[in-house]
2 protein chains.
Amino acid sequence: MAKGPPVVQNSLTMQEVWDIYRENLEEVESQIRRNLDSDVPLITQISDHILDGGGKRIRPLLLILCARVCGYVHKNDLILGSLIEFIHAATLLHDDVLDEADLRRGQQTARRIWGNHASILMGDYLYSKAMCQIVAFQNHEINDVLSDACRKMAEGEILQLCANDQPRLTESDYLRIVEYKTGALVAAACKVGAIIGGASPYQQAALYHFGLHLGIAFQLADDRLDYTASGSRLGKTLGQDFLQGMVTLPLLHLLQSCSYEERLNILRQIKTRALGEGDLYHIIGLMDHHGSLQYTMARSQEYIGAATLNLEPFEDSTAKRALTVVADYMVTRDR
Amino acid sequence: MAKGPPVVQNSLTMQEVWDIYRENLEEVESQIRRNLDSDVPLITQISDHILDGGGKRIRPLLLILCARVCGYVHKNDLILGSLIEFIHAATLLHDDVLDEADLRRGQQTARRIWGNHASILMGDYLYSKAMCQIVAFQNHEINDVLSDACRKMAEGEILQLCANDQPRLTESDYLRIVEYKTGALVAAACKVGAIIGGASPYQQAALYHFGLHLGIAFQLADDRLDYTASGSRLGKTLGQDFLQGMVTLPLLHLLQSCSYEERLNILRQIKTRALGEGDLYHIIGLMDHHGSLQYTMARSQEYIGAATLNLEPFEDSTAKRALTVVADYMVTRDR
């Protein structure tokens, strides 16, 4: 297991962060493999597919870094990191069914290969398997934070589902959805790191809020990418959210900024689900004109700023510097 | 809270069991209501629907009875009973999506009213909400048994999905599926009762196995009802399992007992999913001829026998007698 270099450099790149923690992340991979061991071939196939699918293991990395910021040097962060990734994979399996997605990270989705039924059940399986191994740590704080994150994720998805039928939702309603569906698990990963690192309640709360704001920033950046990234760059196709009538921040901003006629027109299109590629490019043009994508990026950057403020109470260390690099990477990737 | 009568009667009817534990079960209902409290209207609506849908609260009742067999007199059994019911409701929501079911207990299913998306998410929500409240008890044994039951249920459903494509599965393969998908949660309910009742590891194991065998017996009885119950009697339509190509014990027995030509014919029908009502009545006729439904009932009764053997180490009490009555009720209901 790499201990991380004791000498703190002035600044790090994301590549250097990957290099420094490579050995740890490889151990997370081994843990994931070990956890997947099942005598049911379909379970092994689908979990291999979803967990081999090129995920960057950002949540395990954050957990490891938060543990190390608190001075943790043992190995439980790697096992817990792998379990967070299980929960994350479970949500992806269900998300792809809900979004009827055929592509994720440039690969066919599990539901495309094995069908919706298998994907729903494998989501249930990965989640419950993760919970089994989490409770085996016999740490009540960890149980609380992770079960609470799972509840919030489910609640966030339900709020999102309700929001799709009412595009008049406010920005603060939307941010609550994002906090629940994306922020909660990132926050939980950071807090679990703090817990096993023996952090004080104050430090635990600081790292929780670091993760929460980071998760929100990440989701907003992702919302923006839906209107800018091409299939080859992000591994999914342009405008998926919009074409499914999913209201995210760029569209919310546009609805608040455009003319009355434009707004009526967009709302009607969303309501009737009569959305084609032509509409998408028209919407992107309007977003350009009204600065909706710049606004989304600015909000995302604000959340990164709010996130990193929570790191101030911690002493300077490689892990702390790596956290700010990862934070920046999460919202600037793939542009 | 009813304490249950101190005088043990010679024999009880199921109606008397309901009467004796009515107050306790009403408290379980109140707990369910309290747990459902959410400021998201859709969550309240769907949970009300699924949890008001006429379920008999058999699992909470078993938990209460097992706790009392071990001498437990406090109130945690009622709260934990309500949480087991949450988990059960979560599985029903996902099951109905997987089975494309329109009716459950004579009512429209949630997926029929609110759609598959809402049902999948509400299943995730109820399950994770239950886990939040379970871990709040801070009892590692309870965490272990309930998270393990959830994992087994998901694994059982995946095994069932795989089995649907290979109707040559053996009876013992099938019984493993049933043990996981239905036995595990009933067993867990009984063991949780034993744990809070302060039972010895030996007694805990006895009540776990009581529940496990009971759950298997219940599922086999249910498999049989699929070929005998009419819509109005069981609240679901005849032959649902068969029409979906789901292989259960009556069909497995038939495949092992019928002629070579009949077997080829049935296997072809299942494989091509070319199943109509005419085929169903033909199959039921064959099952009659080969005694497949009687065989399934006999196997179910055997499991009840095996279940009740596990009660022997416990002293005579109203709760113990009630357990045998409930066991009998679970496999003889609705005939």
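**Close-up 1. B:Arg111 pairs with B:Asp102 in a salt bridge, with 2.9 Å between the closest N and O atoms.** Like the other views here, this one comes from a predicted model. The two partners sit in differing surroundings: B:Arg111 counts as buried at 16% relative accessibility, while B:Asp102 counts as partly exposed at 33%. Over in chain A, salt bridges with shared partners tie A:Glu29, A:Arg33, A:Asp48, A:Asp52, A:Arg57 and A:Glu85 into one network. Over all chains, the structure holds 40 salt bridges.

**Close-up 2. A:Arg299 and A:Glu302 form a salt bridge within helix α16 of chain A.** Their closest N and O atoms are 2.6 Å apart. Helix α16 covers residues 292-309, and the two partners are three residues apart along it, or about one turn. That spacing suits a pairing on one helix: an α-helix has 3.6 residues a turn, so residues three or four places apart point the same way. Which of the two is buried, A:Arg299 or A:Glu302? A:Arg299 is, because its relative accessibility is 15%, under the 20% cut-off. A:Glu302, at 47%, counts as partly exposed.

**Close-up 3. B:Asp19 and B:Arg22 meet through their side chains in a salt bridge.** The N to O distance here is 2.4 Å. B:Asp19 is partly exposed, with 42% relative accessible area. B:Arg22 also counts as partly exposed, with a value of 39%.

**Close-up 4. Helix α5 of chain B, residues 76-98, is largely enclosed by the rest of the structure.** How well does the span of α5(B) agree with 1.5 Å a residue? The 23 residues should span 33 Å, and the end C-alpha atoms are indeed 33 Å apart. As for its surroundings, 20 of those 23 residues are buried, so the helix is largely enclosed. Just after α5(B) comes B:Glu100, which takes a positive phi of about 50 degrees.

**Close-up 5. Helix α3 of chain B, residues 41-51, has buried residues that pack against parts of both chains.** The buried set is B:Leu42, B:Ile43, B:Ile46, B:Ser47, B:His49, B:Ile50 and B:Leu51. From chain A, the packing partner is α8 (140-163). From chain B, the partners are α2 (22-36), α5, β2 (107-108), α6 (110-114) and α7 (116-135).

**Close-up 6. B:Leu251 is one of the residues that touch the most other members of the largest nonpolar core.** That core has 244 residues, and the others in this top group are A:Leu62, A:Leu126, A:Leu251, B:Leu62 and B:Leu126. What does B:Leu251 contact beyond its neighbours within four places in sequence? Its partners are B:Tyr227, B:Phe242, B:Met246, B:Ile266, B:Ile270, B:Ile283 and B:Met287. As background, nonpolar side chains tend to be buried together in soluble globular proteins.

**Close-up 7. B:Cys190 and B:Cys150 are buried cysteines whose sulfurs are too far from any other cysteine sulfur for a bond.** The sulfur of B:Cys190 is 3.7 Å from the closest one, in B:Cys66, which is beyond the 2.5 Å cut-off and therefore no disulfide. For B:Cys150, the closest cysteine sulfur belongs to A:Cys132 in the other chain, 7.7 Å away. B:Cys190 has a relative accessible area of 0%, and B:Cys150 has 6%. Over all chains, the count of disulfides is zero.

Technical notes. Residues are numbered from 1 along each chain as its sequence is written. Chains are lettered from A and ligands numbered from 1 in the order in which they are written. This is a predicted model: local features need pLDDT of at least 70, side-chain atom pairs count only at pLDDT 80 or more; totals for chains, interfaces and linings use all residues. Side-chain values use heavy atoms; hydrogens and water are left out. A salt bridge is a side-chain nitrogen of Lys or Arg within 4 Å of a carboxyl oxygen of Asp or Glu. Helices (H or I, at least four residues) and strands (E, at least two) are DSSP runs, numbered from the N terminus. Buried means under 20% relative accessible area, exposed over 50%, partly exposed in between (1.4 Å probe, protein chains only). The expected span of a helix is 1.5 Å times one less than its number of residues. A nonpolar core is a set of buried Ala, Val, Leu, Ile, Met, Phe, Trp, Tyr and Cys residues joined through side-chain atoms within 4.5 Å. Contact means heavy atoms within 4.5 Å.
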